[in-house]
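Here is a short briefing to read alongside the model. Have the viewer open and follow the strands and helices as they come up.

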Amino acid sequence: MSLEGDVRAAAGRICEAERVTVISHIDADGITSLSILMQAITRAGIEAVPVFVRQLEPLMMHRVPQDDTLKVFADLGAGQQNLLEAHGLEDDRVVIVDHHVTQDVETPYLQVNALPYGHAKFSAAGAAYLVAQAIDADNRDLAKLAVIGNVGDMMAREDCGLVGPARQIVDDGIEYGNVEARKDLNCYGISTRPLANCLAYSDDPHIEGITNSLPGTRRLLARLGVPERTRKGQWRVWEDLSGEERQAIASALAEQVVAHGGRADRLCAEVYLFPDEAEKTALRNAAEYSTLLNACGRWARPEVGSAICAGDRGEAVREAGHMLTHHRAVIRELLNHILETGVTELDAVQYIHVGDRFPDTIVGIGAGMALSRLNRDKPILVMCTLPDDPDLTKVSMRATERMVGSGIDLQEALIEASGSFGGAAGGHAVAAGAYIPKTAEEEFVQRVDRSIKRQRGAAGQGNR
Ligand SMILES: [Mn+2]
């Protein structure tokens, strides 16, 4: 088989289907993958229903409908083929569009995955685009979404630009006319961040006197005679600058890097711009667009991201912008909520249930911050309800390095405790999470407490 062969087979199977369910992940790559596939499939006159999942794990498989639709998995599935088998999915009712390491199972599921063909820098959105192209060559406008997915999954990071088949998709977008590629300064926020912030908050590469230094950056701009504001007093962004201004800043920064013994080769990168989007908005370039989509996923509202990908420039964009700018504020609110409500202390852990007030995706971050203001001897366990799946509870745990040093391993404790509930647990010794059935909450907390107590005891006896 070849990648092209797999792509053709996938497109063929999709075109023969009467109805399709597209199941995808909630990050920028997953959202763009789903949007590309949904648009290509519905344009072909086939009914398609989108389903987003946080991850493919046993307790979430019920969101994959048990019906006669063709199941297209995007940005997930390759590594969870055992779950597809367990769900009773037959090989001719499934297409996997993914870029993760594949798992060998008995059922020969059809997969579009460039990784086994040696392309490691090619995300699921890229694979989805190849399938969309094979469904109809007129789908070239969707190349733009594939560029966003690839950039969102950091495929351009290492080489300061997309490479291989991911770069070929850029060319498709350029030919179509909604993508522009430009060698430019390697910095984030070129369309929305005030110039000095854009330069000072970019840290790849680190520039002495500029990175993390707004005053230093302002001095440089003043010395070069580059105004920070427009004549009307608005903050200028990198995108507003003339070619000469950009060149002058890039040269000055290169000198600065070299003067401090650094290498200037990472100072320049290929950036991807979208001329069909409004200037000075996050939709104007691939890096910021993908951040906006990631914000939607982090707030458990991936459907807002896919609405944007499908062309909604009104309510969905406003909502996503709100999620992006209020991220920190909500984490702070969660922290205050935990501290004000107070935790329940058991022998070895302290816990709290925050209900459905906060997106589950930030609960772990809030737990970590709260821990530093609570009992420093017991790991914290925070439970929350999933708004789109009320029968499931997400559990997040955080410990300190010192607790880990004394023998505590949160991942181990969560795996042990969730064993018979059928949920998946994972993470690290210092931070871990699990999904459990809502009905198991009380029992689960008790089990975790016993498990942590045992870890402590074992370490105390020098058994570890
Ligand atoms: Mn991905």
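Two strands count as paired if DSSP finds at least two bridges between them. With that in hand, strand β10 (residues 380-386) and strand β11 (residues 389-398) pair in the antiparallel sense over 7 bridges. Please keep in mind that this is a predicted model.

**The open sheet around β10 and β11**

- An open sheet is formed by 6 strands, and its order is β8-β9-β10-β11-β13-β12. The pairing within this sheet is mixed.
- At its edges lie β8 (344-345) and β12 (425-427), each of which pairs on one side only.
- If you would like a landmark for the β10 and β11 pairing, try Cys384, which stands opposite Lys394 in β11.

**Strand β1 and its partners**

- Strand β1 (residues 19-25) is mostly covered, with 5 of its 7 residues buried.
- On pairing, β1 and strand β2 (residues 47-53) are parallel and share 7 bridges. Arg19 stands opposite Glu47 in β2.
- Between these two strands the chain crosses from β1 through helix α2 (residues 28-43) to β2, a β-α-β crossover that is right-handed.
- β1 also runs parallel to strand β3 (residues 70-74), to which 5 bridges join it. Here Ile23 has Phe73 in β3 as its bridge partner.

**Helix α10 against α2**

- The α2 helix of that crossover also packs on α10, at an angle of about 95° and with the axes 8 Å apart. Angles of 65 to 115 degrees count as roughly perpendicular, so α2 is roughly perpendicular to α10.
- From α2, the residues Ala28, Ile31 and Thr32 meet Ser290, Leu293, Asn294, Cys296 and Gly297 in α10.
- Sorted by class, this contact of α2 with α10 has 4 nonpolar, 4 polar and no charged residues.

**Helix α10 against α5**

- Helix α5 (residues 143-152) packs with helix α10 (residues 286-298) at an angle of about 75°, and their axes are 8 Å apart. The two helices, α5 and α10, are therefore roughly perpendicular to each other.
- On the α5 side, Val147, Ile148, Val151 and Gly152 take part, meeting Ala286, Ala287, Tyr289, Ser290, Leu293 and Asn294 in α10.
- The class count for the contact of α5 with α10 is 7 nonpolar, 3 polar and no charged residues.
- Worth selecting in your viewer are Ser290, Leu293 and Asn294 of α10, which are among the residues that meet α5 and among those that meet α2.

Technical notes:
Residues numbered from 1 in each chain as written. Predicted model: local features only at pLDDT ≥ 70, side-chain atom pairs only at ≥ 80, totals over all residues. Helix = DSSP H or I, 4+ residues; strand = E, 2+ residues; numbered from the N terminus. Axes fitted to C-alpha atoms, helices over the stretch in contact; angles between N-to-C directions. Parallel < 35°, antiparallel > 145°, perpendicular 65-115°, else oblique. Contact = placed C-beta atoms within 7 Å. Nonpolar A, V, L, I, M, F, W, Y, C, P; charged D, E, K, R; others polar. Buried ≥ 20, exposed ≤ 12 C-beta atoms within 10 Å, placed from the backbone. Right-handed = clockwise from strand over helix to strand, strands pointing away.
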